[in-house]
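Student: I would like to take a close look at one part of this model, and to see how it sits in the rest of the fold. Please take me through the surroundings slowly, with the numbers where they help.

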Amino acid sequence: MISSRFNKNAISNSKLMGASDSRGFIYYLMKGGSVVYIGQSVSLEPRIAQHKRDKDFDSVRFIEVSGHISLNDAEFSQIITHKPTLNVTLPEVSYLVSSAY
């Protein structure tokens, strides 16, 4: 489940609803309710600001990743699940996945 959300235009002057720069996050760029891009970052606000320049989206949702799973593994899994149109490459993962993208 994608747990947290904020509007694309609201991030420039505010912190991301309890998001801490010391943790890793998987974020979902949304357009009209659909996931159009999935990425990862340990610093959400600057990364989303970069995307505002070159990707068309109207909101962002994110989940915190901690514990034993790597950001690459989590991002890969979400890209395979959601198949966003703006993701053109997959991150390297630490395990083999049998399903094709």
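Leaving aside its neighbours within four places in sequence, which residues is His51 in contact with?

Tutor: Before the details, please keep in mind that this is a predicted model. Setting aside neighbours within four places in sequence, His51 is in contact with Tyr27, Leu29, Tyr37 and Phe57. His51 itself belongs to helix H1, which covers residues 44-54. Because its relative accessibility is 2%, where buried means under 20%, His51 counts as buried.

To place these contacts, it helps to have the order of the elements in mind. The protein has two helices and four strands, and along the sequence they follow the pattern β-β-β-α-β-α. Of its 101 residues, 41% are buried. Among contacts with a separation of 6 or more, 58% are between residues 24 or more positions apart. The protein exposes about 6,000 Å², of which carbon and sulfur atoms supply 50%.

Two of the residues that His51 touches, Leu29 and Tyr37, also stand opposite one another, with Tyr37 in E3. The strands concerned are E2, residues 24-31, and E3, residues 34-41, which run antiparallel and are joined by seven bridges. They form a hairpin with two residues between them, and in that turn Gly32 has a positive phi of about 60°. Beside the turn, Lys31 has Ser34 in E3 as its bridge partner. E2 is mostly covered, with seven of its eight residues buried. E3 is largely enclosed by the rest of the structure, because six of its eight residues are buried.

E2 is also paired with E4, again in an antiparallel arrangement and again through seven bridges. Here Tyr28 has Arg61 as its bridge partner in E4, the strand that spans residues 59-65. With a relative accessible area of 25%, Arg61 is partly exposed. The C-alpha atom of Arg61 is separated by 7.5 Å from that of Met30, although their positions lie 31 residues apart along the chain. As general background to these strands, side chains in a regular strand alternate between the two faces of the sheet.

The second helix meets the strands as well. H2, residues 71-82, has twelve residues and reaches 16 Å from its first C-alpha to its last, close to the 16 Å expected at 1.5 Å a residue. Its buried residues are Leu71, Asp73, Ala74, Glu75, Phe76, Gln78, Ile79 and Ile80, and they pack against E2, E3 and E4. Gln78 makes a useful example: apart from residues up to four places away in sequence, Gln78 touches Ile26, Tyr28, Ile38 and Lys83. Tyr28 is thus both a contact of Gln78 and the bridge partner of Arg61. Since its relative accessible area is 18%, below the 20% limit, Gln78 is classed as buried. Lys83, another contact of Gln78, follows H2 and has a positive phi, near 50°.

Returning to the region after H1, one finds charged residues to consider. In general, side chains of opposite charge can pair when their charged atoms come close. The structure holds two salt bridges. In one of them, the side chains of Lys31 and Asp56 meet with an N to O distance of 3.2 Å. That pair links distant parts of the chain, with Lys31 in strand E2 and Asp56 in the loop between H1 and E4, 25 residues apart. Lys31 counts as partly exposed because its relative accessibility is 36%, and Asp56, at 49%, is likewise counted as partly exposed.

The other salt bridge is formed by Asp54 and Lys55, whose closest N and O atoms are 3.8 Å apart. Here the two partners fall in opposite classes: Asp54 counts as exposed at 55% relative accessibility, whereas Lys55 counts as buried at 17%.

Brought back to the starting point, the picture is of a buried histidine, His51, lying in H1 and in contact with Leu29 and Tyr37, which stand opposite each other.

Conventions
Residues numbered from 1 in each chain as written. Predicted model: local features only at pLDDT ≥ 70, side-chain atom pairs only at ≥ 80, totals over all residues. Heavy atoms only, no water. Buried < 20%, exposed > 50% of the residue type's maximum accessible area, 1.4 Å probe, protein only. Contact = heavy atoms within 4.5 Å. Areas by Shrake-Rupley, 256 points an atom, 1.4 Å probe, with all protein chains shown as cover. Expected span 1.5 Å × (residues − 1). Pairing = 2+ DSSP bridges. Salt bridge = Lys/Arg side-chain N within 4 Å of Asp/Glu carboxyl O.
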